[in-house]
Amino acid sequence: QVQLGESGGGLVQPGGSLRLSCTASGFTFGNAAMSWYRQSPGKERDWVATISTTGSLTTYADSVKGRFTISRDNVKNTVYLQMNNLKPEDTAVYYCNAYRSSLGIDYWGQGTQVTVSS
């Protein structure tokens, strides 16, 4: 049974930091690119960042570049999102995604709420 479980969300003041984690099970974690997405109320789900299977390549949305860092630990089957200098517009539910089309991998976690407010 495939599972992706996010954690680490919460309430933080503007300028603060949070680290999100997403732990996977039920599939070969190292075979999948991992991404973070986010969704605010009334808006579509937006892509935030992606990391390649080995961690050698990372890409970011312009809105988070320089503030967020995606990383992974293929031994712990976990992907992380370090979020620094948070802004109110970063408020959203954050989801992790595992993807590799050639292997039929396209899995989502249940999401974790991040709220940036003073």
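A disulfide here is a pair of cysteine sulfur atoms within 2.5 Å. By that rule, the count in this predicted model comes to one disulfide. The partners are C22 and C96, with their sulfur atoms 1.9 Å apart. The link is right-handed, with 45 degrees about the S-S bond. Since C22 sits in strand β3 and C96 in strand β9, the pair ties together parts of the chain that are 74 residues apart in sequence. Both ends are tucked away: C22 is buried, with a relative accessible area of 1%, and C96 is buried too, at 0%.

Strand β3, which holds C22, also leads to the next piece of the picture, strand β8. Strand β3 covers residues 18–25 and runs antiparallel to β8, the two being joined by six bridges. Within this pairing, S21 stands opposite Y80 of β8. Strand β8 itself spans residues 78–83 and is mostly covered, with five of its six residues buried.

Strand β8 has another partner in β7 (residues 68–73), again antiparallel and again joined by six bridges. Here D73 stands opposite T78 of β8. The two strands, β7 and β8, make up a hairpin with four residues between them. One residue in that turn, N77, has a positive phi of about 55 degrees.

Then there are the charged side chains. Side chains of opposite charge can pair when their charged atoms come close. The structure holds three salt bridges. One of them joins R38 and D90, whose closest N and O atoms are 2.9 Å apart. R38 belongs to strand β4 (residues 33–39) and D90 to the loop between β8 and β9 (92–100), so this pair ties together parts that are 52 residues apart in sequence. Both R38 and D90 are buried.

D90 also forms a salt bridge with R67, and the closest N and O atoms of that pair are 2.7 Å apart. This pair, too, links distant parts of the chain: R67 lies in the loop between β6 (58–60) and β7, D90 in the loop between β8 and β9, and 23 residues separate them. R67 is buried, just as D90 is. Through shared partners, the salt bridges join R38, R67 and D90 into one network.

What else does the side chain of R38 touch through a polar contact? Besides D90, which lies 2.9 Å away by a side-chain polar contact, the side chain of R38 makes a polar contact with the side chain of S63, at 3.5 Å. Is R38 buried or exposed? The cut-off for buried is under 20% relative accessible area, and R38 has 12%, so R38 counts as buried. Leaving aside neighbours within four places in sequence, the contacts of R38 include E44, R45, D46 and V48, then S63, V64 and F68, and further along the chain E89, D90, A92, V93 and Y94.

A salt bridge also brings together the side chains of K65 and D62, with an N to O distance of 3.2 Å. The setting of D62 is an open one: at 66% relative accessibility, D62 counts as exposed, because the cut-off for that label is over 50%. In the network around D90, by contrast, R38 and D90 are both buried, and R67 is buried as well.

Terms used:
Residues numbered from 1 in each chain as written. Predicted model: local features only at pLDDT ≥ 70, side-chain atom pairs only at ≥ 80, totals over all residues. Heavy atoms only, no water. Buried < 20%, exposed > 50% of the residue type's maximum accessible area, 1.4 Å probe, protein only. Pairing = 2+ DSSP bridges. Salt bridge = Lys/Arg side-chain N within 4 Å of Asp/Glu carboxyl O. Polar contact = N/O pair within 3.5 Å; in protein donor to acceptor, adjacent residues only side chain to side chain. Contact = heavy atoms within 4.5 Å.
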